[in-house]
Each structure stands twice: as structure tokens, then as C-alpha cells.
Amino acid sequence: MIPGARLVLLGRQGSGKGTQCVRLSRHFVVPHISTGDMLRAAVREGTELGKMAKAIIDAGGLVGDDIMVGLVSERLAEDDARVRGYILDGFPRTVSQAESLDKATASRPLDLAIDLVVPRELVLARLSIRRVCRDCGTNYQATGHETSQWSCDNCGGDVVQRDDDTPDAINRRLDLYESQTEPLIDFYGKTGRLAQVDGVGSPEEVFGRLTEAVEQRR
Ligand code: ADP
């Protein structure tokens, strides 16, 4: 394994994308840059960005491209990402964001965009029982037998249901994914930077397929 990689992971909500990104970032020793986590942190901290984004996120809408491109460009300019690379999770989400990413990374282009393929029917059930650590983002599945105070095994933070994991917001996000984000599969396919990986299977199996796709590329 050669450390360092510049990756985008695409995949619909509930595909296991976030969890796989965490593993990939450890494996390739690159920062995991999740725009959803960055926005949720801004909401918690009550920054201007957070105040603006909260209603959009809770309704399952998309924050404006200009704001997102600014946020990600700043993050990619930090030393760790410039030197080692990155794994982008939740960005780009529109063709316009992908075009801006190409401009921002022209001197060190993306290695690969991976589409983690999981059918919509499969993710719906997973999303309704998804719980997430407020601090480190680790995902859990509720069994219905949890005590009211649930602490994260990883960092001790509070494990909660996301405000946007309601049936309405979930459906809106999945629709937006199909209309706004799926066109990226073509965008990266046409420019020879796409790998499609079957996301159905155990987390270990899926992780094995993902690392293989990256290694094949290099
Ligand atoms: P999801 O479960 O929908 O993949 P994320 O955790 O990636 O969620 O993002 C949560 C919310 O943050 C999105 O529904 C959207 O409102 C906002 N968001 C995150 N990334 C972007 C982006 N690249 N462009 C626009 N909005 C974004």
C-alpha cells in the first residue's frame, strides 16, 4: 500500500459511504473531508454558516454551490490535504461543484471518483434506524432497546438520530441525489476517472473492493 490518494466517494444516503470513508482515510493515511460533518459542526458552533445552513439541512435540501466550493477549497489548501491527498465525502454533489473541484485541484488532479452502488430500496430501511455520534460521526443502528442516553464506543460522545433522518427529509435527499448527484457518474465516467464498486455485502467485503479499485488505478 502506498500512502496518499486523492479520492471522491459517491454513493446515496445510507450506502455506508461515511463508514467506508473513515476506513479508507486510515488505510491510505489521508484526511477524510466530509462536508456534512463540517456543516453539522458549524450548526453546533452557531457560526454564521451554521445558522444559514441549519434549515436547509433539516429540510433535506442542498446548501448553495458557492458556499460549498469555498468551504472545500479552503480545506483542501491546508497542509495535510495538499501533501498527502484526501478522501472527499459528500462533495461534489452537483456537476457545478465537480467542475469547481477540477479547477481548484488542477495542479494535483483527482486520482479517482468511486461510486458505491447500493439500491434505493436497500438504503431506506437502514436510514430510519441510523444513529450517529454527534462528536466523531461513527454510525450505529438502533435496535429499539437502547437506553435514552447512548454513548459512542469510539469517543464517548452522544449517539443521536440526525435531525434530517426523518422520512420526509430522507426521501427528499434521495430524490436530490438522483437528480443532482447521479449525473456525476457520467461526468467522471466520460473523463476516465470513475470506478463503480458494489456496495452490497459486509463492511469488510465492501472495503476490500474499494481498496482494490484504488490500487488498480495506481
Ligand atoms: P447525506 O446523508 O444526505 O449524504 P451529509 O451528511 O453528506 O448527508 O450532508 C448533510 C446535509 O448537508 C445535506 O443533506 C445537505 O443539506 C448538506 N450538504 C452536505 N454536503 C453538501 C454539498 N456538497 N452541497 C450542498 N449541500 C451539502
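Reader: Which residue is the bridge partner of valine 132 in strand 6?

Author: In strand 6, valine 132 has asparagine 139 as its bridge partner. The model is a predicted one, in which local features need pLDDT of at least 70, side-chain atom pairs count only at pLDDT 80 or more, and totals for chains, interfaces and linings use all residues. Residues are numbered from 1 along each chain as its sequence is written, and side-chain values use heavy atoms, with hydrogens and water left out.

Reader: What makes strand 5 and strand 6 a pair?

Author: Two strands pair if DSSP finds at least two bridges between them, and strands themselves are DSSP runs of E with at least two residues, just as helices are runs of H or I with at least four, numbered from the N terminus. Strand 5 (residues 130-133) and strand 6 are joined by three bridges in the antiparallel sense, so the requirement of at least two is met. They belong to an open sheet of three strands, in the order 6-5-7, with antiparallel pairing.

Reader: Why do strand 6 and strand 7 count as standing at the edges?

Author: Strand 6 (139-141) and strand 7 (159-160) each have a single partner strand, so one side of each is left without a neighbour in the sheet.

Reader: What is the strand order of the open sheet of five strands?

Author: The order is 2-3-1-4-8, and the pairing is parallel. Strand 2 (32-34) and strand 8 (194-198) are at the edges with a single partner strand each, so one side of each has no neighbour in the sheet. From one strand to the next the twist averages 25°; such angles run from 0 to 180 degrees between N-to-C directions, with axes being lines fitted to C-alpha atoms, for helices over the stretch in contact.

Reader: How do you know that strand 3 is paired with strand 1 and strand 2, and where do histidine 32 and leucine 9 fit in?

Author: Strand 3 (residues 85-89) is joined to strand 2 by three bridges, and strand 1 and strand 3 pair over five bridges, both in the parallel sense. Histidine 32 has isoleucine 87 of strand 3 as its bridge partner, while leucine 9 stands opposite aspartate 89, and serine 34 also stands opposite aspartate 89.

Reader: Why is strand 3 called mostly covered?

Author: Buried means under 20% relative accessible area, exposed means over 50%, and partly exposed is in between, for a 1.4 Å probe and protein chains only. Five of the five residues of strand 3 are buried, with Gly85, Ile87 and Asp89 on one side and Tyr86 and Leu88 on the other.

Reader: Why is valine 29 called partly exposed, and why is glycine 4 called buried?

Author: The relative accessibility of valine 29 is 39%, so it counts as partly exposed, whereas glycine 4, at 13%, counts as buried. Valine 29 lies in the loop between helix 1 (17-27) and strand 2, and glycine 4 is found in the segment before strand 1.

Reader: What makes the phi of valine 29 and the peptide bond from phenylalanine 91 to proline 92 worth a remark?

Author: Most residues other than glycine have a negative phi, and most peptide bonds are trans. Valine 29 is not a glycine, yet its phi is positive at about 55°, and the bond from phenylalanine 91 to proline 92 is cis, with omega near -5°. Proline 92 lies in the loop between strand 3 and helix 6.

Reader: What makes a group of residues a nonpolar core, and which residues touch the most other members of the largest one?

Author: A nonpolar core is a set of buried Ala, Val, Leu, Ile, Met, Phe, Trp, Tyr and Cys residues joined through side-chain atoms within 4.5 Å. The largest has 24 residues, among which Val8, Leu88 and Tyr188 touch the most other members, and helix 4 gives the most to this core, with five residues. A second, separate core of 18 residues includes Ala5, Val30, Val197 and Leu210.

Reader: How do you know that helix 2 and helix 3 are in contact?

Author: Contact means heavy atoms within 4.5 Å, and here Leu39, Ala42 and Val43 of helix 2 meet Leu49, Gly50, Ala53, Lys54 and Ile57 of helix 3. The two axes come within 8 Å and cross at roughly 115°.
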